[in-house]
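Grab a coffee and work through these short exercises with the structure open beside you. Each one comes with a solution in small steps.

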Amino acid sequence: MYPRSFHYHRAGSLKEAVTMLGQLGKNAKFLAGGQSLIPLLKFRFANPEHLVDLSFIPGTSFIKEDSGAMHFGLMTRHSEIEHSALARRIPVLHDCAAGIADVQVRNQGTIGGSLAEADPSGDWANALITLDTTVHCLGANGTRTIALSDFVTDAYTTALAHEELVTEVVVKIPPKGSGGAYLAFKRAAPVYPSASVAVQLKLAGDVCEDVAIALGCVGLTAIRATEAETALRGQILNDKTVATAAEAARAAADPQSDMRGSAEYKRQLIVALAKRAIQIAARRARGEKVEGAHLYA
Amino acid sequence: MPHAALEEKKWKGPISMPETEIVEKVAINIKVNGKAYPRQVEPRLLLVEFLRETCDLTGTHVGCDTTYCGACTVLMNGLAIKSCTVFAVQADGSEITTVEGLEKDGKLDPIQRAFGDSYGLQCGYCTPGLLLSTHQLLAHNPEPSEKEIRKAIGGNTCRCTGYMNVFKAIRQAGLNMKGV
């Protein structure tokens, strides 16, 4: 399968990439790792006249810690995050990176490209929204920083201007006593999840001081399950409060029936994933080492 | 059926490719199995087609062509990727290893031997991809657990064997590589 023909441009710097896209006009697109874009091009769902390749720009792939935050470069591959000891310190990030599609896609796909694509079934936005995440962008008018909650505005839609790109994803390192988990349910490794739940919480003894719960693949964007959060915040974590929160998550989900399952089935998945993710997050907050991973049918 | 209608149904050669206004080519140089392949390619040429059509290396297979099955898996700078989902222009300057690059001096490498010895294949269509995914796994982890093996080949679909002999082959390959 071939995409429609296009002109190929290779940017030497981020600034040059922005200038190129501005000059090439509306029918131009950035190409990062291509793991979402190339399939869209092959099916001819997207038919750009110009592609500006970002993969030859030096210094765009990095993971570093700086003043209480973790920084990920635009072209940092999922597999680099999966194997990063630094990223492992925020378990939600490791869970997410290690479970995206399969080994081959993780070796080529990028965090910046994935966020900019804003696929409703994508993993990153859902995992990162439970953390204090900001997206650093570069556009025609220079740099700006957008909170992740304002970044993804709709399915396949972000706050980015046409010629603007993501340069860095910055995640604040959670305080001591925090734990998180990201669980997705997939029919097979290479496919998008049927449903996913991300949980980030902070414990003081048995009491849940603070919590963020997000649901993926069950709406046009990742959904913050605020009622579920309210059910846990300030409460002692036990089977009853966790079950109440999971039921609230079910109510917050807004899935559609499709080839991955009926809407009702996905709501049921959300309940099960939420319970399990909250429990794993809590155990991690207590300092336990728990393997959390994507689940397969 | 009237003669004219038959005439209309007659095969008139292959359906032509869609109109392409853009014929510009990009000069790239990709090292495949240690040998440089400088080529002029259309930007939309996929890496798998670059290998099969312009380098005549047809060991890399096209399976689903939709980033699912992993038959087209090759190593790019030592890491497994799906060559149906990478443009050749993106791989410019990189080092690619295909199934043809595994044997040395006419001898199969330890992974290939193990797949043969353990009957880790039936029709063999997915095998080149499985061999290269195994290559990436064993390069860092010669004694993988079953869970690690499952994770490493999650992106490779085999429709014949049911995977049990593939697991056996991968474990055996690890031992072969350690010289046990």
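Here are three exercises on this predicted model.

**Exercise 1.** Work out how many residues each chain gives to the contact, and which elements of chain A take part.

*Solution.* Start with the head count: chain A puts in 21 residues and chain B puts in 28 residues. Next, look for the elements of chain A that supply two or more residues to its side: these are β1 (7-10), α2 (37-42) and α6 (103-108). Of the chain A side, the largest share comes from α6(A), with five residues. Finally, sort that side by class: 11 residues are nonpolar, eight are polar and two are charged.

**Exercise 2.** Decide how many residues of helix α5 (residues 91-99) of chain A are buried.

*Solution.* Recall the cut-off: buried takes 20 or more other C-beta atoms within 10 Å. Now go along the helix: the buried residues in α5(A) include P91(A), H94(A), D95(A) and G99(A). The tally is nine of the nine, so helix α5 of chain A is largely enclosed by the rest of the structure. Step just past the end of α5(A) and you hit A101(A), with a positive phi of about 40°.

**Exercise 3.** Is R260(A) buried or exposed, and which residues does R260(A) touch?

*Solution.* First locate R260(A): it sits in the loop between α11 (239-252) and α12 (263-285) of chain A. Then count: R260(A) has 21 other C-beta atoms within 10 Å, so it's buried. Leaving out residues up to four places away in sequence, R260(A) touches R187(A) and S194(A). As a last check, R260(A) and V191(A) are 69 residues apart in sequence, with their C-alpha atoms 9.8 Å apart in space.

Terms used: Residues are numbered from 1 along each chain as its sequence is written. Chains are lettered from A and ligands numbered from 1 in the order in which they are written. This is a predicted model: local features need pLDDT of at least 70, side-chain atom pairs count only at pLDDT 80 or more; totals for chains, interfaces and linings use all residues. Two residues are in contact if their C-beta atoms, placed from the backbone, lie within 7 Å. Helices (H or I, at least four residues) and strands (E, at least two) are DSSP runs, numbered from the N terminus. Ala, Val, Leu, Ile, Met, Phe, Trp, Tyr, Cys and Pro count as nonpolar, Asp, Glu, Lys and Arg as charged, and the others, Gly among them, as polar. A residue is buried if 20 or more other C-beta atoms lie within 10 Å of its own, exposed if 12 or fewer, and partly exposed in between; C-beta atoms are placed from the backbone.
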